[in-house]
Amino acid sequence: MADSAGNWCLIESDPGVFTELIKKFGVTGAQVEELWSLDDEHFDNLRPIHGLIFLFKWVQDDEPSGNVIEESSSNKIFFAKQVINNACATQAILSVLLNCEHNDISLGPNLEEFKNFCQSFDANMRGLALSNSNVIREAHNSFSRHTFFEYDSRQASKDDDVFHFVSYVPINRRLYELDGLKDGPVDLGPCPPGDQWVQAAKPIIQKRINKYNEGEIHFNLMAIVSDRKLLYERQQANTFDPAEFHRLETLIEQETRKSERYQMENIRRKHNYLPLIMELLKMLAKEGKLVPLYQRAKERALEKESKKSKQEQKKN
């Protein structure tokens, strides 16, 4: 990473964070929804879906699920190499947005300018351009959490869990996996037209999940979809059925409350709670409760570590 790229913080994999991040880019008409299952009904309720973002525990995988497209054949696909580790969430979001041509979504001047600027670049140059974009980096870093304590930095070891984001998008009736760690877009084959393209993506995601041990739960699947409130308002304006009108009114109110909840949660994520924590610690110490609480927490931590060690011994 070049020094000029500055620092990129880790951000939480959360639909509220991603939705607000998209808005900070200047994009309108899009939001992010979390998927808890690969069952059809979960996808049906979110149409139209413009792309999927999958978070998983990264393992060495030298064999892509499809054919990696050569540079000369991928000029119609926006693909950027990942050059900043902490930016993979933002890169996955942009991989969907910058390849989306749906009428519901407007990229806005910031991303339009960025896309036009790097249109003729190769994947490496696009990655560098992304890492050096002040607009994108500042939007990303606006979700940084306050760091209360400084920890000794160390290099990640082979035993550490490393998580990574990839995107799945339909482009010209074919499904692509866009992973900034690969050499290019991965062509996963033809996909059904319209909203049915996700039917081609689901078995590929399931296959990736199946690579892990039973009980592994560190996965997260999110969909970039059309702004639900705008979608319901448009449908409401075109209906003359009172029952349908009322149903849509309820859905609009739900989306409004959800947006307000996201905003509150994001404010709390960014808030500096250190002064409050310090005052609570002082009060506990004054009342003689701090040391007993510390000892109890230490005992629980040792018990947890002991159980983990025994489980690892059984596996071996």
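In this predicted model, Arg173 is exposed, with a relative accessible area of 55%, and this residue is found in the loop between β4 and β5. The backbone of Arg173 has a phi near 65 degrees, which is a positive value in a residue other than glycine. Asn172 has its place in the loop between β4 and β5 (174-178) as well, and here too phi is positive, at about 55 degrees, although Asn172 is not a glycine. With a relative accessible area of 65%, Asn172 is likewise above the cut-off of 50% and therefore counts as exposed.

The strands on either side of this loop belong to an open sheet, which is formed by seven strands in the order β1-β7-β2-β4-β5-β6-β3 with antiparallel pairing. The edges of the sheet are occupied by β1 (30-35) and β3 (67-68), each of which pairs on one side only. Within the order of the sheet, β2 stands between β7 and β4, and its pairing with these two strands can be described in turn. Strand β2 (residues 49-57) is joined to strand β4 (residues 163-171) by six bridges, the two strands running antiparallel. On the other side, six bridges join β2 to strand β7 (residues 220-226), and this pair also runs antiparallel.

Individual residues show how β2 is placed between its partners. Phe54 stands opposite Val166 in β4, while in β7 the residue opposite Phe54 is Leu221. A further pairing towards β4 is that of Phe56, whose bridge partner in that strand is His164. Of the nine residues of β2, nine are buried, so the strand is largely enclosed by the rest of the structure. The loop that lies between α2 (40-44) and β2 contains Pro48, and the peptide bond leading from Arg47 to Pro48 is cis, with an omega near -5 degrees.

Apart from the sheet, a contact between two helices was examined. Two packed helices are described by the angle between their axes and the distance between the axes. Helix α1 (residues 15-25) packs with helix α3 (residues 88-97) at an angle of about 65 degrees, and the axes of the two helices are 11 Å apart. The crossing in which α1 passes α3 is right-handed. On the side of α1 the contact is made by Phe18, Leu21, Ile22 and Phe25, and on the side of α3 by Ala89, Thr90, Ile93, Leu94 and Leu97. When the residues of this contact are divided by character, eight are nonpolar, one is polar and none is charged.

For the protein as a whole, the secondary structure comes to 11 helices and seven strands. Of its 316 residues, 41% count as buried, and the accessible surface comes to about 19400 Å², of which 50% belongs to carbon and sulfur atoms. Among the contacts between residues at least 6 apart in sequence, 76% join residues that are at least 24 apart. The antiparallel pairing of β2 with β4 offers an example of such separation in the numbering, since β2 covers residues 49-57 and β4 covers residues 163-171.

Note on methods: Residues numbered from 1 in each chain as written. Predicted model: local features only at pLDDT ≥ 70, side-chain atom pairs only at ≥ 80, totals over all residues. Heavy atoms only, no water. Axes fitted to C-alpha atoms, helices over the stretch in contact; angles between N-to-C directions. Helix = DSSP H or I, 4+ residues; strand = E, 2+ residues; numbered from the N terminus. Left-handed = near helix turned anticlockwise from the far one by under 90°. Contact = heavy atoms within 4.5 Å. Nonpolar A, V, L, I, M, F, W, Y, C, P; charged D, E, K, R; others polar. Pairing = 2+ DSSP bridges. Buried < 20%, exposed > 50% of the residue type's maximum accessible area, 1.4 Å probe, protein only. Areas by Shrake-Rupley, 256 points an atom, 1.4 Å probe, with all protein chains shown as cover.
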